[in-house]
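Here is a quick tour of a two-chain model, written for someone who has the coordinates open. Have a look at it first, then read on.

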Amino acid sequence: MAWFKREKKRIDQPTPPDERRVKTEGLWTKCENCRTTVWKKDLEANWRVCPKCQHHFRLSATQRLELLLDSRWVEHDAALASSDPLHFTDTRPYAARLKDARKKLGMADAIITAEGLLGGRSVMCCSMEFNFIGGSMGAVVGEKVTRAIETAIARKFPLIIISCSGGARMMEGTISLMQLAKVSAALARLDEVRLPFISVLTDPTTGGVTASYAMLGDINIAEPGALIGFAGPRVIEQTIRQKLPKGFQTAEFLLEHGFLDAVVHRKDLKTYISSALDFFLA
Amino acid sequence: MKRDHRSEEIEKLEREVEDLRRLAGPEEPSGELDRLRTEVLQLRREFYEHLGAWQRTLLARHSQRPYMMDYVRLLFEDFHELHGDRAYGEDPAMIAGFAKYHGRPVVVIGQQKGRDTKQRVALNFGQAKPEGYRKALRVMHMAAKFGRPILTFVDTPGAYPGLDAEERGQAEAIARNLREMARLPVPIVVTITGEGGSGGALAIAVGDRVNMLENSIYSVISPEGCASILWRDPAKAEVAAEALRITARDLRELGIIDEIIPEPEGGAHLDHEVSAALLDRVLDRSLRDLLALTPAALLEGRYNKFRRMGQFFEAIRT
Ligand SMILES: [Zn+2]
């Protein structure tokens, strides 16, 4: 375990004018929602929220921790990696997919679990990485979240899980499915000792992750516009043989149907969680 | 297909043995015939023992396979169904009730598929909605309150993936069942009788014993679904079924299930009475074992059972 020091990105300072003059294609990006062209550095400085329409772009697992934690954290179980228990191969071997993802992202699987401070308070925080095989949950994600919960219980820390996942990882078959039960059983124990669990659902949170820990928070909150559901939109369309209504399975839809406590803008996320922890623990 | 081909060969051999027996007449001493007959039986046994994952998937989905209510009829007495989730409605795809099992009061929970088109539509093909999972949990809580064991029977393609199910919180309903079942202080024996389809199956399958019928399957996704996502070709379902390792034998090896319940040769659909009798042996023994434990020991055991699942990782350098 090592302490990492992360520089907080500055939200207030505009990009220096001399940098703006270097206008190559790669420095600009189009907002996937309002089509406005945005200066990439401005987007990053704004925690990847479109300055024009407030569309929330996806964050990496590390950026999430930077957003929420007070600049330092200790990562747990960073070296846990899948052993490819089924020796699974579809159009490519799962082992090769794992190797690529590890190399590209510099992490062993689709989640970072860490202890750190949030508003000066010790917390256990799990942050999922969508770019690692769709943020899917196999044995490693299940084990790391379970260990994080057990650590929270042992050290009396509150728990925060930021979900960003397509669900259970198919390449580990029924083993992946069992992780839903394993993590949920650990959450029952967290519940017994009355430690708070705040679940943050981000775009997208679907399948087995929604159907286990993401929906089991004392408080469940989501970012605006996030896709949240059990079945994927395509599967539902195939089942009911019709197009889905606009806004179906968005965070706002879930709020309206009574399954979220709040939809919270990214800029307010840390303050919101901090207030909730004050309520639970003060 | 190779296996279907072999199945035909066995049937042909069986017919030939029968013909020979008839030709030989009743009083003929028939050492040679007996030898032949034993060989054919041996072939048959080997054939069914080595059925592939896809063949077992087809057996698991067989429309004449015994369903939960068949087992209830054959093994339980005094069954009374309990309806409704006390919040939204009644889901016929999920059955809950109380009954006597070998004289002991128990709660039974399970999905029920239909045998013909009309029934299937009425029961939504055994795909429960949130109110079904909430009904199941309500009845399980009731069992816990009165110290009654819970026996669940899993047979579903999955939780219903429809618009209304999403609106009413399918994911939340399943998640809650998983967490609550982990701490119900009464014995829970789970039997996968047919299709164990993903979260919709698991939502009534967090138990102290999880047993599977020989030709049932238990999977994170259907072979067809997996094939169309990973292979981008639903026709690869057979390959996907094999790769996902969804058979009882696979899952026993992976430490995910406890016991394999044998079926009559050729599949449970061929003889419901014998199937029920074979299930009864394992079910009764599982329940007896658990009744000997204190609630604390039960809960500790249940936690550790699932806690151990998925010790499939290694430490690597990142
Ligand atoms: Zn925009």
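What follows goes from the ground rules to the chains, the contact between them and a few backbone oddities.

## Ground rules

This is a predicted model, in which local features need pLDDT of at least 70 and side-chain atom pairs count only at pLDDT 80 or more, while totals for chains, interfaces and linings use all residues. Residues are numbered from 1 along each chain as its sequence is written, with chains lettered from A and ligands numbered from 1 in the order in which they are written.

## Chain B overall

Chain B has 14 helices and nine strands; these are DSSP runs numbered from the N terminus, with helices being H or I of at least four residues and strands E of at least two. Its C-alpha atoms fit a box of roughly 70 × 55 × 50 Å along the principal axes. The radius of gyration of chain B is 22 Å, which agrees with the value near 20 Å for a compact globule of 318 residues (taken over C-alpha atoms, the rule being 2.2 Å times the number of residues to the power 0.38).

How much of chain B is buried? Of its 318 residues, 47% are, where buried means 20 or more other C-beta atoms within 10 Å of the residue's own, exposed means 12 or fewer, and partly exposed lies in between, with C-beta atoms placed from the backbone. Among contacts in chain B between residues at least 6 apart in sequence, 71% link residues at least 24 apart; a contact needs C-beta atoms, placed from the backbone, within 7 Å.

G31(B) sits in helix α2 (residues 31-49) of chain B. This glycine, G31(B), counts as exposed because it has 7 C-beta neighbours inside 10 Å. From G31(B) to F312(B) is 281 residues in sequence and 53 Å in space, C-alpha to C-alpha.

## Chain A domains

Chain A splits into domain 1 (1-57) and domain 2 (59-281), with bounds from an automatic or database domain assignment. Their C-alpha centres are 25 Å apart.

## Where the chains meet

On the chain B side, 47 residues are in contact with 53 residues of chain A. Elements that each supply at least two residues to that side of chain B include α7 (163-167), α10 (223-231) and α14 (295-307). Which element gives the most? That's α8(B), with seven residues. By class, this side of chain B has 30 nonpolar, eight polar and nine charged residues. Here Ala, Val, Leu, Ile, Met, Phe, Trp, Tyr, Cys and Pro count as nonpolar, Asp, Glu, Lys and Arg as charged, and the others, Gly among them, as polar.

There's also strand pairing across the chains: β5 (residues 80-82) of chain A runs antiparallel to β9(B), joined by three bridges (pairing takes at least two DSSP bridges). In β9(B), A315(B) is the bridge partner of L80(A).

## Backbone oddities

In chain A, the peptide bond from D203(A) to P204(A) is cis, with omega near -10°. P204(A) belongs to strand β9 (residues 197-205) of chain A.

Two residues other than glycine have positive phi: W47(A), at about 50°, and R245(B), near 55°. W47(A) lies in the loop between α2 (40-45) and α3 (61-68) of chain A, and R245(B) in the loop between α11 (237-244) and α12 (248-253) of chain B. Are these loop residues buried or exposed? W47(A) is partly exposed, with 18 other C-beta atoms within 10 Å, whereas R245(B) counts as buried, with 24 C-beta neighbours inside 10 Å.

Notes. Contact = placed C-beta atoms within 7 Å.
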